[in-house]
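Here's a quick tour for anyone meeting this structure for the first time. Have a look at it, then read on.

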Number of protein chains: 2
Amino acid sequence: MTGPTRMRLEIAEQPAAVAATLEALGAPVAELVAELRARSIASVVLIARGSSDHAAVYGRYLLEGRCGLVTALAAPSLYTTYAAPVDLRHALAIGVSQSGETPEIVAALRYAAGRGALTACITNAGGSAIARAVEHPLVTRAGDERSVAATKTFTAQLAAFASLAAALGASTLARGLASLPDLMTETIAIAEAPAALAAATLVDDDAAVCVARGFSYAVALEAALKLKETAAIWAEGFSSADLRHGPTAAVTSATPALVLHAGGVFADDLERLEGELRARGARVVSIGPGRRLGTATPPCEELAPFTLVLPAQLLAERLARLRGYDPDHPRGLRKVTETH
Amino acid sequence: MTGPTRMRLEIAEQPAAVAATLEALGAPVAELVAELRARSIASVVLIARGSSDHAAVYGRYLLEGRCGLVTALAAPSLYTTYAAPVDLRHALAIGVSQSGETPEIVAALRYAAGRGALTACITNAGGSAIARAVEHPLVTRAGDERSVAATKTFTAQLAAFASLAAALGASTLARGLASLPDLMTETIAIAEAPAALAAATLVDDDAAVCVARGFSYAVALEAALKLKETAAIWAEGFSSADLRHGPTAAVTSATPALVLHAGGVFADDLERLEGELRARGARVVSIGPGRRLGTATPPCEELAPFTLVLPAQLLAERLARLRGYDPDHPRGLRKVTETH
C-alpha cells in the first residue's frame, strides 16, 4: 500500500467542495437570475458529456420540475456538426465541463450564442475556454481534481445547479442547502465500511444495474459510469420505469443491482422495484438512509443526490482496487476528453 | 423447430409496415404541419419509454437538426408526478407508444395539454387511450405485433417521424423516403446469414456495447435494448463521443462491440472508433454497407437507421434462440408496460 488513492482523497473533499461552491456562487447566480428575468428566458439547453452530463440531468429535473423552465439536454452534434437551424433567442444555454476544455462543448456553446441564446457555464476552471466563451461563468470551487474519475467536481456541479434553482425560487431546496456539507461528511463515515464489504461481494461481476427515479435518476447514471470507468464493470443506470420497459428481462441471479432510495414521492416505487429484482434473483445493494449502504437523511428528495452518490463512489473506488485497477488512471482515459 | 419465431416474421414485415405507414400518414401529417404553422409552434416535447423512446431520439435529431424545432425528450415523471410548472403554449407534445396504453405516457400528454401544448401521438393502435387523448393521432400501419420485442412498430415509428420531418421541409429526407421499403427488403436478404454467423460468436457473452453517432444514435440504443430484452445480454448503446467520455475504460478483450456505420459526416469518426476498439482488443461486429453485417446503401445518413436496425434485430433474435430464450416472450415483460 502506498496510501489512499487520489479518488478516495477527493471523495472525502466533497463536503468542503460543496460548501465552497455554494458560498462562491451566491453573487454570480444572482446576476444570472436577474438577466434571465430581464430577458424573459423560458427555456434552457444543457450541453455536456460524461459525468457533467449526469449533473445536467439533475439540473434538468430542478430547472424544469421546480422552476418551470422547459429544459432540454442538448445533443451536441446537432449544434457542432449538423448546424440545427434553431431559434434560441428566449433560451439559456449552459455548458457543463469540469475542465472547461472539451472542444465540442465550447463549440456547441458558441453555436448556441450565434443562434441568440444567453450563455452560461458550470466549470471548475475559472480561466478555461468555456469560462471565456460565455456571458455568465459559474465557477465551482472543488479545488484541483487529479483523479481522472470525477467525484468532487461532480457534486460541485450538482451544487451549482441547486444554487441556481434555489435562486429561481425553489424554496424547499433553498432551505436544505446549508445542511449538505455536514450530511455528506456524516454519510462518508456511515458508508465507508459497508461499501468495502459490498465491494468484496461484487469482485467477480462483469455487469450491474443502478436504479433510481426522479431527482436521483442522475445518481443512477453517475454510479454506473463510475463502475464502468474505474472498475471495468458494465454497469448501466436506469430510471425504475425504463428498467421495466425491457431491460429487466436481462436481470438474472448473476446481476448485482444498486437501488438508490431517495425517499419522496417515488419511495414506494423503488421499494417495489427492489422486491421485483430480488424475486428475479438479483443481488440487491440497497443504498439510502438505514439501508445496507447507509447515508444520512437528506432534507428533501431534491437534495438526496448529494448523499446517495457517496456510497456509490466509495464502492466503485474499492471495487476498482480489488479488481486490480488504478481508479485514478482508468485505461484509455485522460482528464480532458478531446471529443469534437 | 416449430417454425420461425414471431419476432423473425415481424422483422420481415418491416418493409411493408414502413410503406403502409408512409402512405397512411400523408394526410394526417399535413394537417398537423398546417396547425404547427398556424400556431407558431417553435418547440417539441417527445414523451416515450423503451423502444418508443429510441424512436423519439431519432425524431429529435430530425425535428431539431433538420427542421429547426427545439426538441426535448420529456422526463415523464416531471409531468405526471412533480407537476412541473412549465408553459407549453408554443410547444407540440408528441407521445410515442406502440400499444397506446402505457398509463404514464397518456397521463403525461394530458398534463402537457393542460399546460397549453398542442398534442399529437405516434401509435400503432388507432382506438387506443393515447390516440383518444390527443388532437393529432398519427397511426402507424405495422399491423398486429405479437412478439413482445418491438421490431416493425419501431421502424413504423421512425417512418412517422421521417414523414413529419419531410412535410416540415427536410427535402433530402423527402426524396429518399420512397426507396426505403425496397432497401429494407434488400438488407434483410443481405444480413440474415452473416447475422446468424455473428450470433454464434457471441453466444457466451454477457455484455456488449453498441455505438453510432448522429441520426443513427437511436439505433445504437435500440440494438442494445433488443439484445438485453431478448438475449439477456447487458448491452448498452452509446454515441461515439459518450463512449470516449469514460465507458471506453470498461472495454476489454471480453467485450463485443457493434459499430453502426451510417456514412455521412461522422463516417470517419466511426471508422476511427472501430480502430480504437480493435486496438483495445474488443471483438468488433461492423454493421453497414459492405461491412461484416451488410446493409443496402441508404439514400442519405438521415435515413440510415431504417437499414442499420435490421441486422441488429436479426442478430438479437438469433442470439436469443442460441442462448435458450424465447425472443417472443422475454422473461418478466408484457406487451403493454404498466408504468405510472
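What follows is a short walk through one residue and one interface.

## A glutamate in chain B

Keep in mind that this is a predicted model. Let's start with Glu10(B), which sits in helix H1 (residues 6-12) of chain B. Is Glu10(B) buried or exposed? Its relative accessibility is 0%, so Glu10(B) counts as buried.

Who keeps Glu10(B) company? Setting aside neighbours within four places in sequence, Glu10(B) touches Asp144(B), Glu145(B), Arg146(B), Ser147(B), Thr151(B) and Lys152(B). With Ser147(B) there's a polar detail too: a polar atom of the Glu10(B) side chain lies 3.2 Å from the backbone nitrogen of Ser147(B).

## Where the chains meet

Now for the interface. On chain B, 66 residues are in contact with 66 residues of chain A. Together the two chains bury about 5,300 Å², with 60% of that on carbon and sulfur atoms. Three residues stand out: Tyr82(B), Trp234(B) and His245(B) supply 17% of the area chain B buries against chain A, more than any other three residues.

## Charges and polar pairs

Between chain B and chain A there are 6 salt bridges. In a salt bridge between Asp242(A) and Arg49(B), the closest N and O atoms are 3.3 Å apart. The two chains also share 12 residue pairs in polar contact, counting pairs with both residues at pLDDT 80 or more.

As for the parts of chain B involved, elements that each supply at least two residues to the side touching chain A include helix H3 (50-65), strand S2 (70-73) and helix H10 (217-231). That side of chain B divides into 33 nonpolar, 18 polar and 15 charged residues.

Definitions and conventions
Residues are numbered from 1 along each chain as its sequence is written. Chains are lettered from A and ligands numbered from 1 in the order in which they are written. This is a predicted model: local features need pLDDT of at least 70, side-chain atom pairs count only at pLDDT 80 or more; totals for chains, interfaces and linings use all residues. Side-chain values use heavy atoms; hydrogens and water are left out. Helices (H or I, at least four residues) and strands (E, at least two) are DSSP runs, numbered from the N terminus. Buried means under 20% relative accessible area, exposed over 50%, partly exposed in between (1.4 Å probe, protein chains only). A polar contact is a pair of N or O atoms within 3.5 Å; within protein, one must be able to donate a hydrogen and the other to accept it, and residues adjacent in sequence count only if both atoms are side-chain atoms. Contact means heavy atoms within 4.5 Å. Buried area is the accessible area (1.4 Å probe) that two parts lose on being put together, summed over both. A salt bridge is a side-chain nitrogen of Lys or Arg within 4 Å of a carboxyl oxygen of Asp or Glu. Ala, Val, Leu, Ile, Met, Phe, Trp, Tyr, Cys and Pro count as nonpolar, Asp, Glu, Lys and Arg as charged, and the others, Gly among them, as polar.
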